[in-house]
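Let's take a walk through this model, from a pair of helices to the nonpolar interior. Have the structure open as you read.

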Amino acid sequence: MSLILYFSPLSPPSRAVRSFLLLSKAVFSGKVVDLLKGEHKSAEFQNINPNQSLPALVDGGLKMFESHAILKYIAVKKQLYQYYPKNLRNKAQVDCYLDWSQTGLEAIGKYVNQCFLFPKFMNKPVPDNKQELHKDVIDTLKFFESTFLTGRYIFNQPSITLADVKATSDLSQLLISDLDFNQFPKIKEYLQEMFSIQAIKEAYAEYLQMINSSSPNDQISYIINGIDKSQSWKFTLYFHPLSSPSRAARTVLLYSGIEFNEQIVNLLSGEHQQPEFTAINPNQTIPAIANDSIKLFESGAIMKYLAKKFNLYNLYPTQLKAQAKVDEYLDFHLTEMSSLPNYVFNCFFGPQMMKLPVPADKDQQLQNVIGTLEFFWRVFMNNGKWTFINDSPQPTLADIKVGSDLAQLFITDFPFEKIPGFDLYIKRLFELPEMRRSHVELFGFVQSQKVGKFALSISQPQPVRNQERITLYFNFFSGPAKAVKTALLLGNIPYTEKVIDIQSGENKKKPYTDINPNESLPALSFGNFNLFESHAIMKFICIQFNLTELYPNFPLRAKIDSYLDFHHLEIRKLSLLTMDFFVGPKFFNKEMPKNYDERVRELNELLHFIVNVFFGGGKYKYIMGSRTPTIADLSFIGEVSTLFFVDFDFSQFPTMKAYIKDMFNIKQVRETYSKYFLATRFMSKSMNPFIESIAKGTEEGGSSCCQLI
């Protein structure tokens, strides 16, 4: 019989037990008890836990409450001695923290409950002694940091224990407070590491979602998301595009979705030996990364660090066995794959770029490379039976590392056909958009050389197949249709545009209904493949044509998706205002509603929410902090621009005004909206100076003699 956990996402002890159950991989079912509705006081729950508290655990006929007792029970039952050690001294230290936390952290609970939770959920006033309660928390954290956090984990244990599981839940209460975590850098880094563990993050999912929706400050965003929005996380990558380790590190940075700087280090001119670079990397090699808090060299170390820091679990799993298999290849790679770069430099790069003589043992070096790759193919790819290294279901750091090395061979005369099926693996790797982007300069160099057909086929740009040309079914009044068209233009994707006349009902007749039975716009045909719904279409386009600037990879992709999900119900309220008060009455003889002012007030509240949540309170240039516009921005601008027809007043939204102006300064966006702007200028009864400036392409309040349209 599986365990049953009764818990609430708002309950810190519940989060601790839920975390440990997930860490232990125990089979259990969870039942949420709503504290705000008083379900913990019901007769049914009292039968489980007469103390009316959370969490509670049922294991067959055994009913347990009190989180510490539950944690120890699970650890002993499952024999998880790494979390609750057998060693008497280590166990005593875990017990020491657990016992101390019962009363020693009372100040944290009192401060968070009285000053934040109770006012938020129970409409209670913030107490007059808030400053005194805050001081008690500061004193408590100073004691915790100096007494318990004496190493990486509590009491300097070699790995996380029940003490850390509980401490995470204790300290996580403060994430909804106004605490300045920069006062406690050890606690800040400690919590960030705890939340980089997938099981813990999963256990806290609802709680973290609540925090994320409240526009957390940079410190808290760093703790729970792994990315600090301040400049301290922005890396500089020191690299050279012809360096295989550099390209491997660059690929992982691209996977992270963060903004980073690049600085090329010219090895031939000795820049790696200059004092400026030696201060970054005393080993005088590339790649290296640096920011305000860390300087790191050696590509393997850089790749692992980035994968852990930005929670790239797909590249570097948290599960011990899967991670060990990645490490196995990376350690093997350090020495055993050295024949590849040696052959490339000695026999091709050195002679071509540095006028070095071709070595007499060139043929032997080639045989060494073939032998190395035959071993790799047999052992790490099971003679091609596995898709990725060591039978991983998806590419990992190991595949990125070997792929970057294999790309060196493109400038040689390497006979790829010597290893049957090897070419398919290489093609698979370079279908990954991050791999292609990190190798773009190398591919350009390869294209300029006399190389084999296989190398040319991999390195050349991937064209759209003519037999599968895209047709976009479009109407310039449709915001979603304009979003898709802009994506195609930004991606430089050839397409044919087919205008659908909505007013005459063409969208409700064949042959269009065969393409889109939903009778909506837009729709897209790609060969024999038809698709409707703008978000689905844009995701398809971005993935099909590797448009990762428009639809970034994990973790930013998850944030973009969160906006797109929100968009469906909430953002459409913008265009509904225009439909009800302009399009419906003007084109479809519908009666105009009488609640315009009320609807505008609702939209003002919605736009304030959008600015605070999706634009970081005005800190972000684009939605969710992306450094370039994404499909989220294309969708949003399509909706917000519908308000131009109702002469919406944007004056109380300076962030929104700057954003709209910036978006419509993008050539492809403006091209998509050209007819739409002509329509707004022609049909609108009135147009305030801001909307007029956008529609005409002039400065607000300026002359219209030099319009963009």
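What follows covers a helix pair, the nonpolar cores and one buried leucine.

Keep in mind that this is a predicted model, where local features need pLDDT of at least 70, side-chain atom pairs count only at pLDDT 80 or more, and totals for chains, interfaces and linings use all residues. Residues are numbered from 1 along each chain as its sequence is written, and side-chain values use heavy atoms, leaving out hydrogens and water.

Start with helix H25 (residues 534–544) and helix H28 (residues 631–640), whose axes sit 11 Å apart at an angle of about 150 degrees. H25 and H28 are therefore roughly antiparallel (an angle over 145 degrees). Where do they meet? His535, Met538, Lys539 and Cys542 of H25 are in contact with Ile631, Leu634 and Ser635 of H28 (contact means heavy atoms within 4.5 Å). By type, that makes four nonpolar residues, two polar and one charged.

Now for the largest nonpolar core (buried nonpolar residues, Pro not included, joined through side-chain atoms within 4.5 Å; buried means under 20% relative accessible area, with a 1.4 Å probe and protein chains only). Among its 72 residues, Phe636, Phe650, Met656, Tyr659 and Ile660 touch the most other members. Helix H26 (residues 556–587) is the top contributor, giving nine residues. A second, separate core has 68 residues, including Leu237 and Tyr343.

Finally, look at Leu488 in helix H23 (residues 479–490). Its relative accessible area is 0%, so Leu488 is buried. Beyond four places in sequence, Leu488 touches Ile470, Leu472, Ile493, Tyr495 and Ile541.

Technical notes
Axes are lines fitted to C-alpha atoms, for helices over the stretch in contact, and angles run from 0 to 180 degrees between N-to-C directions. Helices (H or I, at least four residues) and strands (E, at least two) are DSSP runs, numbered from the N terminus. Angles under 35 degrees count as roughly parallel, over 145 as roughly antiparallel, 65 to 115 as roughly perpendicular and the rest as oblique. Ala, Val, Leu, Ile, Met, Phe, Trp, Tyr, Cys and Pro count as nonpolar, Asp, Glu, Lys and Arg as charged, and the others, Gly among them, as polar. Buried means under 20% relative accessible area, exposed over 50%, partly exposed in between (1.4 Å probe, protein chains only).
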